[in-house]
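Student: I should like a close look at one part of this model, namely the way in which its helices pack against one another. Please describe it step by step, and add how far the model may be trusted there.

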Amino acid sequence: MKTLLVSLVAVSLAGNAVLLAWRCFGGSVEGGGAVPVVAPSPLRPGSGESGADAESGVVQGQRIEPTLWGQLGASDGRTLVTNLREAGFPESDVQAVVRALMSERFTERRMKLLAANGPLPFWVSRRGDGLTAEQRAELRELRQSHEAEMRALLGAVPMTESERRSFRRVYGPLPDATIQAISTIQADYGELVGEIYREASGGMMMPWDREKIAFIEAEQRKDIEAALTPEERELHKWYVSGTATALRYQLQGFEPTEAEFRAIFAIRERLDPPSGRAAYIDNTALEQRRTLDAQAREEIRAVLGEARYADYERVTNPDYRQATEVVARLNLPRENVMATYQLGREMQSRAEALRADASLALADRAAAMAALAAEADERLGVILTRDGVSVFRNTGGSWLRRIESMGGAR
Amino acid sequence: MKSTLVIVLGASAILNAVLLVGGPRPHRPEVAEASAVVVGAPLRGDGGSEARTAGAADAARASAAARRGEVGQLLESTDLATLRDGLRAAGFPETIVRALVGRRIEEQIEARRLQRLGPTKVEPFWKTYDSFEERRVRSVERALAREQRALSAELLGAGAMAGDVRAYMADRLRFLSPAKVELIRAIEADYSDMISDVRSDGYGPGVSLPEDQEKLRMLQREKEADIAAALTPEEYELYQLHQSSTANTLRGRLRGFDVTEEEFRALYALQKVYDDRFQAGRIGPRTAEEQRARSTADRELKDQFKVVLGESRYAEYERSTSSAYRAAVNIVEHFNLPRENAVSVHALEAEARRRHGELAQSAASTAERASAMQALATEMAGRIDALLGAEGGRVFRTYGGSWFRVLEEQAQRGSASARRP
């Protein structure tokens, strides 16, 4: 009996031990020691007010697994991208996450490099971004490796809609991949040109600096052409070349047909002097420009015919261009551009007639000019408003100021 | 003894009953038993590895499914505040929260852009620029950008700095705490947006209205007041010395001068008064009256600089700001010549001007004056070449030494005049 009692006590006590252990450690995984994955309850849809307590992991009344980010494997790009996709993040989110991580890495490296340079006293000049040429080269390589990594992970360097829009405005209807290739080439060569500007002592560009820039620009052109198909090269010329870009601005109001634009482009591309950062404009270059410009105008006249050439002359006249900018700035009707321009032509013609009138005494001529200036001012005020006349006078208005000065006004 | 055993047995039995049926049971994961793993954690190894691998794969799939469920619910939320808080609760770093919420804000703005401006077209290459249309589109885009910034600020706080801005600010404002750097950055960003809006309104070749200038002046004053309010007086003074446009412009001008801290502070104080009066960085041309007032103030400022620096240091300062001197410095550096040769070339300019002036005032005949001026130009060319070398001299005369080109042109005109009957 006593033996039975002892046995029962032993068994019962063993049971206590087992049950106690089960209570305390009953959620553990056998062996291994890995942390259990707790499948959280699904969230309720957002109700407009967050009502969240992010710190406690409760959002909209539901508890959120606080280790979700950690589970995605952010230390390894490939794992992260795979897990993000598997977890249901749309591709645009995956791209945004990768871009953000790369950007953060880049910024941290940049900040470390700047910190290593030590503080610069406020009285000491520092050129540009505060980095040395070697540090900029390192960051350039880092940027290139990030782009390569993004291509490997995502298939391409991601582009936002806003970026795509800006690029297409400049480059025309090229595919994303081509635009990115060009953009990368331009960024790389742009940094090299930036180095030259930064290192130019006293901010002065010397002939050897311009030669280096000319060389870099030539290499950039070669690399861009190599990145394009023949059809894309043609498009690139029409959208990006300096001549085409300048023409689109200068011909505002002319509304050329495609054929007219191509014809004018061909003449201007041949006769326009070299532009760009390598160009140095001295008196000789200015004189040469004037000669070539006159030749270009004659050739354009022959191509367009007299009527269209008259339109071309009008829109390329500085007075017309100034009228366009002032009317646009003042939010006045578009037709006021032509009205301003025509008033200027009329006034200049009448002023010329007064100047040429030998029968007028000096004082009479001055009085007539003053009256003409007053009439111009009044009529211009109707077209541009009184405030607009001040703007017009201060931003150019050469014909008005000339007539006013001939009339004795200061 | 027997009664003790009975008591122990009874207590133990009661304890067993309590442990078995009373209170909440320990939680068991819903995933597959016995082999739940954390993604990334190593699987268990030896003994029954196939079964355990298969079990681990099942567990991983179940984990992924669970995550997909949770993430799906989170991402479906159209309330960005809920998304933001959900991401934070899920342990997403703030950079990623900003990226994901920011992307959705951009989407909303893109949708608004589409409503207001229609789909983006790539115009044919022969379509010319249109100032009127450009203004309309820019106005809408600026309004949308303001909306985007406001929404970002509401949801994400003052806003993360773009990487290069953050690095720049941290570098330039080391004397401030990180919290104050962020505060200053936010103020600067706000005003930069407002100033940029005013400048954009006045874009185009110098077309700005009088009210644009007044708006810029007001914004500049308010910005300085807001920043001053955020900093102690000592911090604000340092901020101005590091960051103000006056300080930046002054540093640029003093590049070749080797200025001391004391000199810089004194020059800065004078330049700031001038810049505040004439609104440095304004847009659009100045009226004739403004130009006259500015010319007078320029002369006064130079005199004040002379007083601060003293005659000798002022001469060094003037030399360092001369473009001809800077060209000469570039040339001696490029051709590895002594630095003092650039100083000597600079001194030639003053000598040439003095001697030219004397010749112009002399009682000599036109022909004699022309001959003397030509001889002066030739002498100066020779002395420049002696200091900078033949090639350096050529570069100097062509690209940097405008005083020499003027001397040469005047000598040539004088010779041409002398030859006329």
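Tutor: We begin in chain B, where the crossing of α3(B) and α4(B) is right-handed (the near helix is turned clockwise from the far one by less than a right angle; anticlockwise would be left-handed). Helices here are DSSP runs of H or I with at least four residues, strands are runs of E with at least two, and both are numbered from the N terminus. The model is predicted, so local features need pLDDT of at least 70 and side-chain atom pairs count only at pLDDT 80 or more, whereas totals for chains, interfaces and linings use all residues. Residues are numbered from 1 along each chain as its sequence is written, chains are lettered from A and ligands numbered from 1 in the order in which they are written, and side-chain values use heavy atoms, without hydrogens and water.

The axes of α3(B) and α4(B) come within 9 Å and cross at roughly 160° (axes are lines fitted to C-alpha atoms over the stretch in contact, and angles run from 0 to 180 degrees between N-to-C directions). This angle makes α3(B) roughly antiparallel to α4(B) (over 145 degrees; under 35 is roughly parallel, 65 to 115 roughly perpendicular and the rest oblique). From α3(B), the residues B:L80, B:L83, B:R84, B:L87 and B:R88 meet B:E94, B:V97, B:L100, B:V101, B:R104, B:I105 and B:Q108 of α4(B) (contact means heavy atoms within 4.5 Å). Sorted by class, this contact has 7 nonpolar, 1 polar and 4 charged residues (Ala, Val, Leu, Ile, Met, Phe, Trp, Tyr, Cys and Pro are nonpolar, Asp, Glu, Lys and Arg charged, and the others, Gly among them, polar).

The loop between α3 (80–89) and α4 (94–117) of chain B contains B:F92, while A:W69 lies in helix α2 (residues 68–71) of chain A, so the pair of these two residues joins two chains. Their ring centres are 4.9 Å apart and their planes stand at 50°, so the pair is tilted. Over all chains, the structure holds 24 aromatic pairs (rings of Phe, Tyr and Trp, the last by its six-membered ring, with centres within 6.5 Å; planes under 30 degrees apart are stacked, over 60 edge-to-face and the rest tilted).

In chain A, helix α3 (residues 77–86) packs against helix α5 (residues 133–154) at about 40°, with the axes 10 Å apart. The helices α3(A) and α5(A) are therefore oblique to each other, and their crossing is right-handed. Here A:G77, A:R78, A:V81 and A:R85 of α3(A) meet A:A152, A:L153 and A:L154 of α5(A). This contact of α3(A) with α5(A) has 4 nonpolar, 1 polar and 2 charged residues.

Helices α9 (residues 230–240) and α10 (residues 242–250) of chain A have axes 5 Å apart and pack at about 45°, so α9(A) and α10(A) are oblique to each other. On α9(A) the contact is made by A:K237, A:W238, A:Y239 and A:V240, and on α10(A) by A:G242, A:A244, A:T245 and A:R248.

As for trust, chain B averages a pLDDT of 82 (the predictor's confidence in each residue, from 0 to 100), and chain A averages 83. In chain B, confidence is lowest in helix α2 (residues 49–76), at a mean of 67, and highest in helix α9 (residues 233–243), at 94. The model scores ipTM 0.77 and pTM 0.73.
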